[in-house]
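I opened this notebook to record what I looked up in one protein structure. The entries are kept in the order in which I made them.

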Amino acid sequence: MATSVTIHFLLLLLICGIVPFIRDAGAESTPGTRTRKFGRSQNVLSLFNLKSKSKFWSESVIRSDFNDLEGSVSKDSGKAALYNYTSSSNLANYMKLSEIDSIYLSVPVNFIFIGFEGKGNHEFKLGREELERWFTKIDHVFEHTRIPPIGEIMTPFYKLNIQKNKENHHLPLISHVNYNFSVHAVLMGEKVTSVFERAIKTLSRKDDISNSRENEKGEVMWQIDIDRMEYIFDTLISYLQIQDSYNIFILNPKYLNNNNNNSTTRYGYRRGLSESEIKLLKENKSLQGQILQSESNKKSLLEIDGMASKPLYGSRPQSNFAFTTTEDIDTMEWSKKSMEALESVAKFNEGKDEFHILLDKASQMVHGRKDGANLILKNELKKSQGDLKGLHSDCLTDSWISQNRWAFIDLNAGPFTWGPAVGGEGVRTELSLPNVKSFKEMTEEEAEEELQGTIRERFSSFDQEHHAIDILLAEMDIYEFFTFKHCKNRRTKLALCEELDERMNELKGELESFRTGEEYAEVHKQKAVDALKRMESWNLFTNAPEENTKYNIARDSFLAHLGSSLWGAMRHVIAPSVSDKPCYYYDKISFQLYFITQERVRSVKQLPVDLNELKEGLSSLILPSQKSMFTQHLVSLAEDPALMMAFAMARHAAAVPVLLVNGTYRSTVRTYLDSSILQYQLQRLNDHSSLKGEHANKRGTLEVPIFWFVQNDGVLVLDKHYQAKSLSNMVLAVQSDEPSWETYLQCNGNCILSDLRNPIKAAVAATAEHLAGLLPLHLVYNHAHDIAIEDWTWSIGSNPMSVTSQGWKISEFQADTMARNYIITSLEESIQTINSAIRQLVAERTTTKGFKIFKSQERVMVEKYNSVIGLWRRISSQCGNLRYGEAAKLLSLLDDASHGFADSVNTTISKLHPVHCTRERKVSVEFDMTTIPAFIFVFGILWFLLKPKRAKPKIN
């Protein structure tokens, strides 16, 4: 008997092994998930509060097998097993199961610091201890979040109108799935800094080529060619073999002055041409012809070939924070090759004026990557008019999101501004990013000029009536203020401070003479005594200590601001919020394109739509493991009365108030289509006509209907402000004949213009939201406000979610966000299914009669549960390596496994319930002296009420 109990006890311990992936809320953390008890309290994460118990997936956990679970089901049906069963209170306790609170997905991130080794701007130097002290304070764990549907963007002025009712959401706004960031700080050496400084100088050209003079502030603005700058970053990432991580670069270069005078130099990054270059191109028809006839010139391109990679690390550290310093010898080959390539480009541009530099740049764009500004320029040049009406410049920015998995911020570029023009929240300002210039100490000339200005201001109100002691005290006040500000706790001592030290000694002697002189009044003597006491307590001109208080406060403020900015990159770029619509993974995506025109068009080729570019933009939304299909339909309003009626019912006009960048108020009458009415009418047509696509009923295929309205005359938009919009079951897009439509957005004081003739970017963005919940980069869920907020800082890059550029192909950041949303939707529903089944097991009591029936079903439930846990592990492991396509292939298996466990729980409970109703049914009736009289009394009442009554005669 003792042996049986021991074996059963060991088997129970093995049963506990079926949940190695789950931990109790108060127990030791286990990588991957966290469980909860009933009546749990919500865990609130602070912005700068690290979760110390959170862990990451380790190799041992990922590679663990489930062979040890084969014996987890106890086969013992003896008295000890029965006792353990009945004493567990419910089936969930017996199986050691509790609800899943959260699942962690590991996200690898590298913060790469360039110019912080002491050779960058202002010789700023960062060390391991300082980085670790600040960057471990950033939350490395936060929840996946969702945003409810957004209403009108100008209600009443540029303010988002977002639903706050949480009861109507299929999935929770704050997800069970958490991102667990593994942050790796990498400090680059001096040679890498030199390459980027050289690249900024070589790849820059003037922003305003029409005016060689400086602006009002004595500044010259330069624009850096971001296309070739991206190549520098790509080669460095490839050289270090860090493509399997998200990389955020922080640049602090010394900008090499391109001017021959002492004017201030400012620079920014841009794709395409500036406004002055576009203006010159519009005026010069011969230049347009030269660009179209030009051929690709490899000399103007960067070519860095023949390099062997040198991995940054053998295996990535699995910790919340790690620090690596690269020596110059580690990047010597890349630095050398890059410098040679940049030198070749510099020689190619040597001696060229702005005209020929513009010709070279425009030729590169025409023959370069076919997207955004490059393709717009090529298409505009090919038009017969040559007026280039649809050609607009992208914004100058000091940060960038590439098409690959990296982004950067340049702390010395700009600063620049963008966002809503005259209203709205979260706008990008000149103070949005930290400023390295805050560490700049005042020079001798600047200090002397400030001191003289302070003296003039202080003594401007003095006249001959003021006593000599008052003049001395005023002079002492000036020196005291100046020395506290510029002499105390300074790294390099000013010579002016030494002169002030000598002058203060002279002042001390003069005050002493006032104190001892008999010819002075008592009031003046008392002033001198008080001033001397003040001087005795001063310690203004002593040598600066090792740790400079003022300098350290500035550094701490800078690092806090930088940490906040990098946290914003994690929140907006790497793991942004998505729409609350559940998005599922499909093997095939069928895009049904309905082009709706006012008059009949014989062929799609006759439409003013670049169909190839539209298909390429939509194809960028497809994962590598998915397949896309396109079907075009031509629909004429003139030939379809029902559709004409739907269009007419949805068309409205509204007086829209417009505030321009310069503060001018203007009211415009805007014609628009009401998306809700249009959706309702199109749904009715879909039910009674042939608007359904070819793949509507095929399993594993998602059909995306895109209704594209072509308006030939006047401006027509959606819901007053949109070119395209995502709805619950369709995407709407409107194309009008207006090349320069003023939006409510601005960048650097200029209104952002939109070409309504080409709504591809807006259509791709709306389709991305419809397909996978992708939202604009400036939107994010805020826990404190419990609603979405705007932050336009990271609305950058050549992608459809950015407002500062015209590109319409999504980046790898956004492709990963889409894939993760597919995965998280399935994980969320899997958790809901498992938790619902566990709650059923909690409600089911353990009884002696049901023991054998439960034991017959236990193995099936354990196997199904193990299958779900195994898939969770595999999916999390693939996500940690950024192989989201491979993880997405497992989602159908996860759905089947989750419902399989739920079905096995339902089957077990249904088999237990007949037992409760029959075998345990027992009727007990007690008889005493009052029982028989009670029966007789009840029988008498019933007879009196139910006895047949005598029929009454009928009288007419």
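The entries below cover the nonpolar cores, two helices, the cysteines, the aromatic pairs and two single residues.

**Entry 1. Status of the model.** I note at the outset that this is a predicted model.

**Entry 2. Nonpolar cores.** I first looked up the largest nonpolar core and found that it has 148 residues. The residues with the most contacts inside this core are Phe 113, Phe 181 and Trp 872. I then asked which element gives the largest share of this core. Helix H22, residues 812-843, does so with twelve residues. Another core, of 39 residues, lies apart from it. I recorded Ile 226, Leu 251, Tyr 255 and Tyr 313 among its members. As general background, nonpolar side chains tend to be buried together in soluble globular proteins.

**Entry 3. Helix H21.** I turned to helix H21, which runs over residues 760-772 and has 13 residues. From its first C-alpha to its last it reaches 18 Å, close to the 18 Å expected at 1.5 Å a residue. Is this helix mostly covered or mostly open? I found H21 mostly covered, with eleven of its 13 residues buried. Among the buried residues are Lys 761, Thr 767 and His 770, and also Ile 760, Val 764 and Leu 771. The alanines on the buried list of H21 are Ala 763, Ala 765, Ala 766, Ala 768 and Ala 772. I next looked up what covers the buried residues of H21. The cover includes strands E14 (588-597), E18 (701-710), E20 (724-726) and E21 (731-735), together with helix H18 (611-619) and H22. Just after H21, Gly 773 takes a positive phi of about 75°.

**Entry 4. Helix H8.** In helix H8, residues 275-283, I found Ser 276, Glu 277, Ile 278 and Leu 281 to be buried. The buried residues of H8 pack against strand E5 (204-206) and strand E6 (219-225), and also against H9, helix H11 (354-367) and H12.

**Entry 5. Cysteines.** How many disulfides does the structure hold? I found one disulfide. Cys 395 and Cys 747 form it, with their sulfur atoms 2.2 Å apart. At -95° about the S-S bond, the link of Cys 395 and Cys 747 is left-handed. The pair links distant parts of the chain, 352 residues apart. Cys 395 lies in the loop between helix H12 (373-382) and strand E10 (399-401), whereas Cys 747 lies in strand E22, residues 741-747. Cys 395 counts as buried because its relative accessibility is 6%. Cys 747 is buried, with a relative accessible area of 10%.

I also checked Cys 751, which is in no disulfide. The nearest cysteine sulfur to Cys 751 is that of Cys 747, 9.1 Å away. Cys 751 is partly exposed, with a relative accessible area of 27%. Cys 879 is buried, with a relative accessible area of 1%.

**Entry 6. Aromatic pairs.** I counted 27 aromatic pairs in the structure. I examined the pair of Phe 591 and Phe 630, whose ring centres are 5.1 Å apart. Why is this pair called stacked? The planes of Phe 591 and Phe 630 stand at 20°, and planes under 30 degrees apart count as stacked. The pair links distant parts of the chain, with Phe 591 in strand E14 and Phe 630 in strand E15 (residues 627-636), 39 residues apart. Phe 591 counts as buried at 0% relative accessibility, whereas Phe 630 counts as partly exposed at 22%.

I also noted a cluster linked by ring pairs. Its members are Phe 196, Phe 233, Phe 249, Tyr 267, Tyr 269, Trp 334, Trp 406 and Phe 408.

**Entry 7. Arg 266.** I looked up Arg 266, which lies in strand E8, residues 264-270. Is Arg 266 buried or exposed? Arg 266 is buried, with a relative accessible area of 17%, and the cut-off for buried is under 20%. A polar atom of its side chain lies 2.9 Å from the backbone oxygen of Pro 415. Leaving aside residues up to four places away in sequence, Arg 266 touches Glu 219, Val 220, Met 221, Trp 222, Gly 414, Pro 415 and Phe 416.

**Entry 8. Ser 294.** Last, I located Ser 294 in the loop between helix H9 (285-293) and strand E9 (321-325). Ser 294 counts as buried, at 17% relative accessibility. A polar atom of the Ser 294 side chain lies 2.6 Å from the backbone oxygen of Ile 291. Not counting residues up to four places away in sequence, Ser 294 touches Ser 363 and His 367.

Methods. Residues numbered from 1 in each chain as written. Predicted model: local features only at pLDDT ≥ 70, side-chain atom pairs only at ≥ 80, totals over all residues. Heavy atoms only, no water. Core = buried A, V, L, I, M, F, W, Y, C linked by side-chain atoms within 4.5 Å. Buried < 20%, exposed > 50% of the residue type's maximum accessible area, 1.4 Å probe, protein only. Helix = DSSP H or I, 4+ residues; strand = E, 2+ residues; numbered from the N terminus. Expected span 1.5 Å × (residues − 1). Contact = heavy atoms within 4.5 Å. Polar contact = N/O pair within 3.5 Å; in protein donor to acceptor, adjacent residues only side chain to side chain. Disulfide = S-S within 2.5 Å. Phe/Tyr/Trp six-rings, centres within 6.5 Å; stacked < 30°, edge-to-face > 60°.
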